[in-house]
Amino acid sequence: MSDLDGLRVLVTGGASGIGLATALHLEARGARVVVLDRDVSGQPDRACVQADVSDAAAVDRAVGEAAELLSGLDVLVNNAGIGAQGTVADNDDAEWHRVLDVNVVGMVRASRAALGHLRASDHAAIVNVCSIAATAGLPNRALYSASKGAVLSLTLAMAADHVREGIRVNCVTPGTADTPWVGRLLDAAADPQAERAALEARQPTGRLVSADEVAAAIAYLASPAASATTGIALAVDGGMQGLRLRPRED
Ligand SMILES: NC(=O)c1ccc[n+]([C@@H]2O[C@H](COP(=O)([O-])OP(=O)(O)OC[C@H]3O[C@@H](n4cnc5c(N)ncnc54)[C@H](O)[C@@H]3O)[C@@H](O)[C@H]2O)c1
């Protein structure tokens, strides 16, 4: 018997990286998980529903399918997201709309579709995957940071709106995490090794966060053990937001 036995969970963007690690972590602790992703082709062993979170009708259908597969829904993990690089000078309006549509409105669509099911649950929770980019100014991430800043505010507003319905809403703010996404960024860098070293040096722990570490934090916020916790942002960032270290003297 595990603490998450029977918890019915939908993880968006659950086919890769943090979302996949979350699905595996929750399953290992007894939860029943359905993955929603725009590409579910690599997930033969997993219960999946296919949808792009930028398509409202597809999200409504996929959330409905997931709730049918699970006979209800207790937890929604809003994890699907995409990156964007550059200053405000670098992305045109279409790119701003595209990224905000996935990273912010995508969470709204999935939450809206899930609310009816969550209201019927005794352990309802939504966990949004935000980012250190919401709470610290990072260079060349204007659009991505704006999208995650919106996720942070959305989390607080949703927590207030739904607390009296018994639905807790929280988010995690990971630092740079070792996922296929970051792998792609490193591969595209002029000097991938130097880029990785720079990202590692930015975190006081001196290393990237693992997807499993983010998954464990998401699982905590999703679990009945966190039943008095709503409207918070849990940093999983190797100390990047809160600590100010002196340079190494060795
Ligand atoms: N990796 C990091 O350093 C990091 C740090 C902080 C926050 N995050 C956040 O974590 C989340 C997951 O990132 P990751 O690093 O695991 O990325 P990833 O690229 O490894 O996985 C993202 C998953 O989301 C899916 N997805 C993307 N757009 C989608 C859409 N429109 N509809 C449905 N599915 C979609 C992808 O198919 C993929 O399976 C994102 O919200 C990201 O902003 C990542």
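Author: A pocket is an open set of grid points with protein on both sides within 12 Å along at least five of seven lines. The model discussed here is predicted.

Reader: Which pocket does the ligand take up?

Author: Look at the space taken by the ligand. Among the pockets, that space is the largest pocket.

Reader: How much of the ligand's accessible area does the protein cover, given contacts such as the one with N79?

Author: An oxygen atom of the ligand is 2.8 Å from a polar backbone atom of N79. On its own, the ligand has 830 Å² of accessible area. The protein covers 95%.

Reader: Which element gives the most residues to the shell around the ligand?

Author: Three elements give two or more residues each: α1 (17-28), α4 (142-162) and α5 (180-188). With four residues, the one that gives the most is α5.

Reader: Which residues come nearest to the ligand?

Author: There are 29 residues around the ligand. They divide into 15 nonpolar, nine polar and five charged. Those that come nearest are S16, D37, Y144, A177 and T179.

Reader: A ligand nitrogen atom is 3.2 Å from a polar backbone atom of which residue?

Author: Take V53 to begin with: a nitrogen atom of the ligand is 2.9 Å from a polar backbone atom there. For the 3.2 Å distance, the residue is R38.

Conventions:
Residues are numbered from 1 along each chain as its sequence is written. This is a predicted model: local features need pLDDT of at least 70, side-chain atom pairs count only at pLDDT 80 or more; totals for chains, interfaces and linings use all residues. Side-chain values use heavy atoms; hydrogens and water are left out. A residue is near a molecule or strand if one of its heavy atoms lies within 4 Å of it. A polar contact is a pair of N or O atoms within 3.5 Å; within protein, one must be able to donate a hydrogen and the other to accept it, and residues adjacent in sequence count only if both atoms are side-chain atoms. Accessible areas come from the Shrake-Rupley method with a 1.4 Å probe; for residues, only the protein chains shown count as cover. On a 1 Å grid over the protein atoms alone, a cavity is a set of points where a 1.4 Å probe fits but cannot get out, and a pocket is an open set with protein on both sides within 12 Å along at least five of seven lines; lining residues have an atom within 4 Å of a point. A molecule sits in a cavity or pocket if more than half of its atoms lie within 2 Å of its grid points. Ala, Val, Leu, Ile, Met, Phe, Trp, Tyr, Cys and Pro count as nonpolar, Asp, Glu, Lys and Arg as charged, and the others, Gly among them, as polar.
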